[in-house]
Amino acid sequence: MRRTMILVLFFWFFTVTTSFAATVTYDHRAIVIDGKRRVLISGSIHYPRSTPDMWPDLIQKSKDGGLDVIETYVFWNLHEPVRNQYNFEGRNDLVKFIKLVAEAGLYVHLRIGPYVCAEWNYGGFPVWLHFIPGIKLRTDNEPFKVEMQRFTAKIVEMMKQKKLYASQGGPIILSQIENEYGNIDSSYGPAAKSYINWAAGMAVSLDTGVPWVMCQQSDAPDPVINTCNGFYCDQFTPNSNKKPKMWTENWTGWFLSFGGAVPYRPVEDIAFAVARFFQRGGTFQNYYMYHGGTNFGRTTGGPFIATSYDYDAPIDEYGNVRQPKWGHLRDVHKAIKLCEEALVATDPTISSLGPNLEAAVYKTGSGLCAAFLANVDSKSDATVNFNGNSYNLPAWSVSILPDCKNVVLNTAKINSRTVIPSFVHKSLNINADSTEALGSGWSWINEPVGISKADAFNKLGLLEQINTTADKSDYLWYSLSINVKGDEPFLENGSQTVLHVESLGHALRAFINGKLAGSGNGNSGNAKVKVDIPIKVVPGKNTIDLLSLTVGLQNYGAFFDLVGAGITGPVKLNGKNGSSMDLSSQQWTYQVGLKGEDLGLPSGSSSQWVSQSTLPKNQPLIWYKTNLDAPAGNDPIALDFSGMGKGEAWVNGQSIGRYWPAYVAPNNGCTQSCNYRGPYNSNKCLKNCGKPSQQLYHVPRSWLQPSGNILVLFEEIGGDPTQLTFAIKQMGI
């Protein structure tokens, strides 16, 4: 019996761990795997935006939704936070993620970049790159090319060692080098062309055995395939008639910014865009995102990208399918796959059926025939005659006919049921004990205003923030002492004046003699901050403490890496009579980060937590801690931060991200219902106007124990932690 079991186990192990190398090439129609052209449906899932325990279910739901490929970026700054010090553990375990995709029987498109954009901090670049002497990022610059090649080669070698390329029997059928450089390459002059040629050559020389792509790069040199990103890519044409028509980013929604309303994209429009792409010759299409996930920690870019990266994707931030979006797209995929043999066999013959009406026919000599009938009018339905039959085409829709006769799907007609999820709020199940604040269950520590650390330093003038902090913290203190006699011309009544501060962003808090006097925030459209704060000074010494903070570093645009932050001035005291005192060039004292960060308060383990019967509330710069039980069951969990202002939160030492419920979306711009007909843009369909941009913050189940969980908050501007509740996500009908 034991011998039989050993043999069974051996053969099981052999079959699941042994695979055969595949040959992946391409021609003008499609990606070719082992000599066979393929229609491939792909979806983006970024491994660090979910947790390893979520990965298998996300991948399975992707497969059930009709995907063939999972696409992911590789995040350089996660994997090499310090030069030559690497991290591939936990959420950063790229190899584990790829192996799970393979186990599900799906392919992988590995977008190494290593610039990724992705609304990710600094576009995925580690900030230490910025400090390499003579470096210029994303151009024909030797110091940069050395680093880019070193990291790209490391990832490729890691994949090869684990035999993860299709040429070795693994799931990776495509890789990407660079990312959307063609959108901004004109800003880099002639060096852009030589850089792109170098990047392509460098990538190809790594000999992965699978094709490389460049998205949004119309001059991508052979053999690299140039691909399209956008809401619609049916009009895209590759730069060579030897390359297939590929769509690497079909945006299923849009990202959320703090201070903005919540964008969404109707599934009828996505389905229309997908069908149009395949109608007009496409054979590879990827959803960005298929699951968006969460920007844990300080990973958001922007600036001002929210912690939620839900993206209105077919699988929501918490890992549940979003209906009817997931189901309708699954039905679209089934319909397209019914046409696959005809699609890959020939080019389409496109003809007009009338104004804004179009037919595309894929017909072969062997009798295969598939057709797509499109009505691209944004208002009027139409009836068309095709091959002797009459077909009704709703406005802004495509009908798919796998046999050139029978309609199996029209993109505007949804058969999947709509499921409206709900959040059930529950108290935090706080375990108050002798170490916690009496009555509330919370304890606290005040973060000192101004300079409190031994590593503070003095400099004449105002310093740019990122060059000063190297992004080790969101926070930089600018501190100055001035002596006031009372007769200065910029004073009114001997004590009143206006503090004028200008900052490159992203937000600031001004304290006068230890008290919060005023604040200012930028926004996703303009990160800069300018404030005029009425203040009152006292005779003698007065302290001005300015706390400047970042909310994710710039991730997109030409020379994005040079976009600064912090208080670069001027800083003035202005009188009503027009007189002023410019403080910009005086000697300021600087402190990088918070004392609480140095003390390790996010872990909750310090002995300095205060427990008293009266909990300080609605005061700036306070660390809070409590001990709580996890809600019962397996439903996804969020924390509802109603009642809080802005800060960061940690559960058992792991950051769930920045919270900012005090930043409310504008009152206007939202619609009760969004008409899917007509071209979509990121401002077309908005909801949640006049409400906090993000109120609920995902807490992964795997981060929680049944009891004894430590929740730590750092609150910047003031809030009431006793108002926090759990929000349990439940799928309604």
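Visitor: Which helix and strand each supply at least two residues of the lining of the second largest pocket?

Guide: In this predicted model, helix α3 (76-79) and strand β34 (647-651) each supply at least two residues of that lining. The second largest pocket has a volume of about 910 Å³, and its lining counts 32 residues, of which N77, L78, P81, R298 and T299 lie nearest its centre.

Visitor: How many residues of that lining are nonpolar, polar and charged?

Guide: The lining of the second largest pocket divides into 13 nonpolar, eleven polar and eight charged residues. For the largest pocket, the corresponding division is 20 nonpolar, eight polar and twelve charged.

Visitor: What is the volume of the largest pocket, and which residues lie nearest its centre?

Guide: The largest pocket holds about 1,300 Å³ of space; 40 residues line this pocket, and those nearest its centre are V262, D310, R322, P421 and K687. At least two lining residues come from each of β11 (262-263), α7 (267-279), β20 (421-426) and β39 (725-731), with β20 giving the most, namely three residues.

Visitor: Let us turn from pockets to cores. Which residues of the largest nonpolar core touch the most other members?

Guide: The general idea is that, in soluble globular proteins, nonpolar side chains tend to be buried together. Here the largest nonpolar core has 133 residues, and L110, F125, L129, I155, M159 and F278 are the ones that touch the most other members. Helix α7 gives the most to this core, with nine residues. A second, separate core comprises 49 residues, including F296, L547, W650 and L724.

Visitor: Taking one member of each core, what is F125 in contact with, and is F296 buried or exposed?

Guide: Once neighbours within four places in sequence are left aside, F125 is in contact with W76, N77, P114, Y115, L137, R138, F144 and F560. F296, which sits in the loop between β12 (284-291) and α8 (325-338), has a relative accessibility of 1% and therefore counts as buried. Not counting residues up to four places away in sequence, F296 touches P48, R49, S50, R91, S655, I656, G657, H698, P700 and W703. Sequence separation can also be set against distance in space: F296 and W650 are 354 residues apart along the chain, and their C-alpha atoms are separated by 9.8 Å.

Visitor: How should a helix be read for burial, and which residues of α4 are buried?

Guide: An α-helix has 3.6 residues a turn, so residues three or four places apart point the same way. In helix α4 (residues 94-103), the buried residues are L94, V95, F97, I98, L100 and V101. Just after α4 comes G105, with a positive phi of about 85°.

Visitor: And for a strand, which residues of β29 lie on the covered face and which on the uncovered one?

Guide: In strand β29 (residues 571-574), V571 and L573 make up the covered face, while K572 and N574 make up the uncovered one.

Visitor: Which strands pair with β29, and in what sense?

Guide: Strand β24 (residues 496-503) pairs with β29 in the antiparallel sense over four bridges, with K572 as the bridge partner of H500. Strand β30 (residues 580-582) also runs antiparallel to β29, joined to it by three bridges, and S580 in β30 is the bridge partner of N574. Together β29 and β30 form a hairpin with five residues between them, and in that turn G578 has a positive phi of about 95°.

Technical notes. Residues numbered from 1 in each chain as written. Predicted model: local features only at pLDDT ≥ 70, side-chain atom pairs only at ≥ 80, totals over all residues. Heavy atoms only, no water. 1 Å grid on protein atoms, 1.4 Å probe; cavity = no way out; pocket = protein on both sides within 12 Å on 5 of 7 lines; lining within 4 Å. Points joined across faces, edges and corners; volume = space filled by probe spheres on them. Nonpolar A, V, L, I, M, F, W, Y, C, P; charged D, E, K, R; others polar. Buried < 20%, exposed > 50% of the residue type's maximum accessible area, 1.4 Å probe, protein only. Pairing = 2+ DSSP bridges. Core = buried A, V, L, I, M, F, W, Y, C linked by side-chain atoms within 4.5 Å. Contact = heavy atoms within 4.5 Å.
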